[in-house]
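Visitor: I would like a close look at one part of this protein. Please pick a single helix and show me what surrounds it.

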Amino acid sequence: MSEKFSPTLRLGDLSDFIAPSQACVVSLKGLKAIPKKPEPQVLAANTHQTEPVKISLKDCLACSGCITSAETVMLEKQSLDEFLSNINKGKSVIVSLSPQSRASLAAHFGIPPLKFSHTTQVFKKLTTFLKSLGVKAVFDTCCIRDLTLIETCHEFIARYKQSQANDVEKSKSLLPMLSSSCPGWICYAEKQLGSYILTYISSVKSPQQSMGAALKHHICQTMGFRPEEIYHVTVMPCYDKKLEAAREDFVFQVESNDGIHADESLCIPEVDCLDLWGNIRFDTGEVKLKEIDFKTLEDSPLDRQLTNLDEQGHLYGVSGSSGGYAETVFRNAAKVLFGREIDGPLDFRIIRNSDFRELSLESTVKVKTRKCDYQYVEVMACPSGCLNGGGQIKPKAGQSPKELIKSLETVYMEDVLEADPFKNPLVKRLYDEWLEYPGSEKAKRHMHTGYHPVVKSITAQLHNW
């Protein structure tokens, strides 16, 4: 396998053989029979030959860790060489940067806060570096995350109100509502839990995919580009984000020149390439784009069009190292459904450990008792959430993973001034110019998606036996 990828994805002896114990969910699914003319005067029980099984990257979402040469080709599309190649081709490259990745880089290099927070300084230096390579713009995903939080709150309120209807059978499939921003969790739900759980999962896209939709359906026009001219690169803390970007659900047809009909010959993804700090760790990683001293890079002005930046130059957004979904939904539901304004930090109760927490709203209002006490559940595949994603920079020598996570949490909380997503002027502008209002038809088209159960074939199970 190419040396461009992290050791997590690299096998020493690449082979196209998939061990039966790995239970590949694709197996013989989708085989095409090729008719073959039988030999004269020869009777044959089987007169058809089949094509070899073809597995694409989207089929292997966190499957069992097997990497075949077919996936290698797909992964090459998510490589640094591909990123630099598109810059050289004259593509308009736009980078979306996650706050968890900024925190990882700030903690690793020990960037001093100076006038602004650690990660704001990192953001400014990284903007300098990326634009020196030819990148057109560098945006912060926190802006679009605020939009996804608003859509999630709207969906939860709608589900809750529908669940109070008299149709008991219908209401059973509405709550609890489960989060949908973690692709590792989505993969597990689709492949292991199936249809019975998918109906409970929020339809709102993750911030990564929502950013891609916003860039290629709206922002590109305000920047003077067509969707196909944009090459969108995201920097995320998670390997599964690479695989999320390859899903067929997140590929769309570009409208033709008349602005009405879709050009069936031109299909483009919302996210073209994803990178990890494990791949672009400057002087510490596997790939050295340039021999630079990151600390000495100049600070560049940040691109404000899709970046939560106030007039004083401070980043703002929600708290919560994995996106703040549970906190935001809780506060909004308390306000809209029960008229309760909740200020200050929320008092989560730890159940088993710090990864299992719950929060309840105590009220004197008598409500109908329901069998399920958990109305909204935020699920993350990684212990400690996105800050501990597989794509984050690993602990230094002598530093334990717990120490690193604690350091990242400290740096991350210095990253933003806490702000209500519903008061974000950039998000308000996106609704006014593009989506109209939360839960609108346009919002459902661009900001929401669906999930599908993946059923293992009987053939695969018999083969394994």
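Guide: What follows looks at one helix, α3, and then at its surroundings.

This is a predicted model, in which local features need pLDDT of at least 70, side-chain atom pairs count only at pLDDT 80 or more, and totals for chains, interfaces and linings use all residues. Residues are numbered from 1 along each chain as its sequence is written, and side-chain values use heavy atoms, with hydrogens and water left out.

Start with the whole chain. The protein chain has 15 helices and 14 strands. Helices (H or I, at least four residues) and strands (E, at least two) are DSSP runs, numbered from the N terminus. Of the 465 residues in the protein chain, 49% are buried. Buried means under 20% relative accessible area, exposed means over 50%, and partly exposed lies in between (1.4 Å probe, protein chains only).

Now to the helix. α3 spans residues 99-109. Because 11 of its 11 residues are buried, α3 is largely enclosed by the rest of the structure. Among these buried residues are Pro99, Gln100, Arg102, His108 and Phe109. What do they pack against? The buried residues of α3 pack against β3, α4, β4, α5, β6 and α12. After α3 comes glycine 110, whose phi is positive, near 60°.

Next, a neighbour. Threonine 141 sits in the loop between β4 (137-140) and α5 (142-163). Its relative accessible area is 5%, so threonine 141 is buried. Leaving out residues up to four places away in sequence, threonine 141 touches Ser96, Leu97, Ser98, Pro99, Met211 and Met236. Contact here means heavy atoms within 4.5 Å.

The helix also takes part in a core. A nonpolar core is a set of buried Ala, Val, Leu, Ile, Met, Phe, Trp, Tyr and Cys residues joined through side-chain atoms within 4.5 Å. The largest one has 37 residues, and Phe83, Val93, Val95, Leu130, Val135 and Phe294 touch the most other members. α3 supplies at least two residues of this core, as do α2 (80-88), β3 (92-97), α4 (118-133), β6 (230-235) and α12 (401-413). The largest share, six residues, comes from α4. Take valine 95: setting aside neighbours within four places in sequence, it is in contact with residues including Leu130, Val135, Ala137, Val233 and Val235.

α3 also borders empty space. A cavity is a set of points, on a 1 Å grid over the protein atoms alone, where a 1.4 Å probe fits but cannot get out; lining residues have an atom within 4 Å of a point. Grid points are joined across faces, edges and corners, and a volume is the space filled by probe spheres set on the points. How many cavities of 30 Å³ or more does the structure hold? There are four cavities of that size. The largest cavity has a volume of about 270 Å³. α3 and α9 (207-222) each supply at least two residues of its lining. The lining has 23 residues, and Gln100, Ser181, Lys241, Ser322 and Cys386 lie nearest the centre of the cavity. By class, the lining has 12 nonpolar, nine polar and two charged residues. Here Ala, Val, Leu, Ile, Met, Phe, Trp, Tyr, Cys and Pro count as nonpolar, Asp, Glu, Lys and Arg as charged, and the others, Gly among them, as polar.

To recap, α3 is largely enclosed by the rest of the structure, and α3 supplies residues to the largest nonpolar core and to the lining of the largest cavity.

Conventions
On a 1 Å grid over the protein atoms alone, a cavity is a set of points where a 1.4 Å probe fits but cannot get out, and a pocket is an open set with protein on both sides within 12 Å along at least five of seven lines; lining residues have an atom within 4 Å of a point.
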